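Biologist: I am new to this one, and I would like to ask how each label is earned. Could you show me the structure?

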Amino acid sequence: MSATTEIPVPAVAQRSDIPLSVYVHLPWCVRKCPYCDFNSHRAPAQLPEADYIDALLADWALASAHETRPIETVFFGGGTPSLFSAEAIGRVLEALDARLGLATHCEITLEANPGTTEHARFADLRAAGVNRLSLGIQSLDDDCLTALGRIHGANEALAAIDDARAGGFTAINCDLMFGLPGQTLAKAMTDVETIIERDPGHISYYQLTLEPNTPFYRQPPALPDEDRVIEIFEQASERLNAAGYTQYEVSAWAKPQRACRHNENYWRFGDYLGIGAGAHGKRTRADGQIERNARQRWPTGYMTVAGKAASVAETRVLDQADARFECLLNGLRRRAGVTRRDYEQRTGLDWQTLGAALARPIEQGLVSFDVQALRATDRGWRFLDTILAELLP
């Protein structure tokens with residue numbers, strides 16, 4: 001949805017106060033999983049690593065041309081970024097630092113698949129500047145992993161956690177999924193309890209969904225019924241809470257000081273520059289307007305035009321209704337909700353007008369709203385779609 005309505009920057013806040021992150025998309029996988037709807041592609045026999053990194057650096061020059069803010073967080077996503085060498089990742093980080101500077105405590109995350117990482121390379125990635133790993137564990141049941149099309153087994157997943165620590169990583173996220181084909185309550189609890197024993201600081205725990213344009217959507221596997229899925233999630237929540245993890249976002253659990261700052265910036269409607277095939281970006285321009293853009297999706301096409309205007313497949317400016325909706329779409333996922341400061345600073349809109357827009361969810365007890373914050377209640381967190389429907393542009 002395109003629009004040209006200007007969004008003023010509140011007098012109390014300037015663009016320089018809005019944190020800036022960078023997302024780097026590395027689009028290849030050994031094999032695409034049947035549930036995945038990300039912009040990922042099966043890797044060729046010879047990965048064009050050097051050419052793709054050259055394209056990223058050209059893209060970075062274009063994406064950062066109008067920026068002066070330092071970079072607070074970086075996220076290498078995919079695809080499977082761990083297919084790339086530590087030297088390649090280091091080249092990108094050097095370019096980011098040279099142009100805008102990596103903040104002193106910059107969080108730099110790289111996604112790794114236990115089935116594609118040579119574990120001895122973890123130390124090299126750490127030396128290149130990566131300081132947080134996100135491991136795509138998904139399950140620790142070999143039958144469930146096979147059903148998901150994963151190329152690793154449970155033993156490889158557990159070895160990856162141990163080897164990441166041996167390579168110098170103290171900030172580790174483990175992705176786990178539930179509601180899987182053939183998954184019983186006992187299997188799901190074994191997954192959670194075994195990961196808790198390995199004590200990563202962060203666990204992403206999310207339900208398998210059948211996304212359009214995926215093999216699972218076209219030929220759905222047999223999944224646990226809704227009552228079983230709810231039971232799995234409730235019991236997993238109890239175990240995670242008991243182990244010292246806090247659910248700070250719908251699908252994210254962390255120990256103190258271990259929340260993912262990069263994802264927090266998304267959820268708090270911060271700014272981020274996206275580079276790489278199909279990467280998306282969101283930034284507040286100097287005039288206060290909020291701009292979203294997306295790169296060309298296909299890796300080969302992207303590499304031929306990276307750094308040129310033709311590499312940007314879409315650009316749109318948010319109007320006030322879109323800005324309000326997107327800010328709350330992200331912020332209400334957080335247990336802490338949306339603060340007045342973030343809302344007014346990052347949309348330029350008046351906090352007081354939200355009360356009228358959310359009159360029905362407030363009356364229904366789905367949200368709490370006061371002079372400082374808007375939050376989904378415990379009940380409302382289960383009905384976020386209902387709340388957001390009141391705010392659709």
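Modeller: Here is a short talk about the whole fold, one strand and a few single residues.

Biologist: Before we start, what kind of model is this?

Modeller: This is a predicted model. The protein has 15 helices and 17 strands, and its C-alpha atoms fill a box of roughly 55 × 50 × 40 Å along the principal axes.

Biologist: How do you know that the radius of gyration agrees with that of a compact globule?

Modeller: A compact globule of 393 residues would have a radius of gyration near 21 Å, and the protein has 21 Å, so the two agree. Also, 54% of the 393 residues count as buried. Among contacts between residues at least 6 apart in sequence, 72% join residues at least 24 apart.

Biologist: What makes strand β13 mostly covered?

Modeller: A residue is called buried when its relative accessible area is under 20%. In β13, residues 290-295, 6 of 6 residues are buried. I290, R292 and A294 point one way, while E291, N293 and R295 point the other way, and all are buried.

Biologist: Why are β12 and β13 said to pair?

Modeller: Pairing needs at least two bridges between the strands. Strand β12, residues 280-284, has 5 bridges with β13, in the antiparallel sense, so the two count as paired. One example is R283, whose bridge partner in β13 is E291. The hairpin of β12 and β13 has 5 residues between the strands, and there G288 takes a positive phi near 95 degrees.

Biologist: And how do you know that β13 pairs with β14?

Modeller: By that rule of at least two bridges: β13 and β14 have 5, again antiparallel, so they pair. Here N293 stands opposite T315 in β14.

Biologist: Following β14 onward, where does D319 lie?

Modeller: D319 lies in the loop between β14 (312-317) and α11 (320-331).

Biologist: Why is D319 said to have no salt bridge?

Modeller: A salt bridge needs a side-chain nitrogen of Lys or Arg within 4 Å of a carboxyl oxygen of Asp or Glu. For D319, which is buried, the nearest side chain of opposite charge is R316, 7.4 Å away, so the cut-off is not met.

Biologist: Then what makes the neighbours of D319 polar contacts?

Modeller: The cut-off for a pair of N or O atoms is 3.5 Å. The backbone nitrogen of A321 lies 3.2 Å from a polar atom of the D319 side chain, and the backbone nitrogen of D322 lies 2.8 Å from a polar atom of that side chain. Both distances are within the limit, so both pairs fit.

Biologist: Why is D199 called partly exposed and F269 buried?

Modeller: Partly exposed lies between the 20% and 50% limits, and D199 has a relative accessible area of 38%, so the label fits. F269 has 1%, which is under 20%, so F269 is buried. Each has a positive phi although neither is a glycine: about 55 degrees for D199 and about 65 degrees for F269. D199 lies in the loop between α6 (185-198) and β8 (202-207), and F269 in the loop between α9 (261-267) and β11 (271-275).

Biologist: Lastly, which residues does a cis peptide bond join?

Modeller: The cis bond joins G78 and G79, with omega about 20 degrees. G79 is found in the loop between β4 (71-78) and α2 (86-99).

Key. Residues are numbered from 1 along each chain as its sequence is written. This is a predicted model: local features need pLDDT of at least 70, side-chain atom pairs count only at pLDDT 80 or more; totals for chains, interfaces and linings use all residues. Side-chain values use heavy atoms; hydrogens and water are left out. Helices (H or I, at least four residues) and strands (E, at least two) are DSSP runs, numbered from the N terminus. Buried means under 20% relative accessible area, exposed over 50%, partly exposed in between (1.4 Å probe, protein chains only). Lys and Arg count as positive and Asp and Glu as negative; His and the chain ends are not counted. A polar contact is a pair of N or O atoms within 3.5 Å; within protein, one must be able to donate a hydrogen and the other to accept it, and residues adjacent in sequence count only if both atoms are side-chain atoms. The radius of gyration is taken over C-alpha atoms; the globule rule is 2.2 Å times the number of residues to the power 0.38. Contact means heavy atoms within 4.5 Å.
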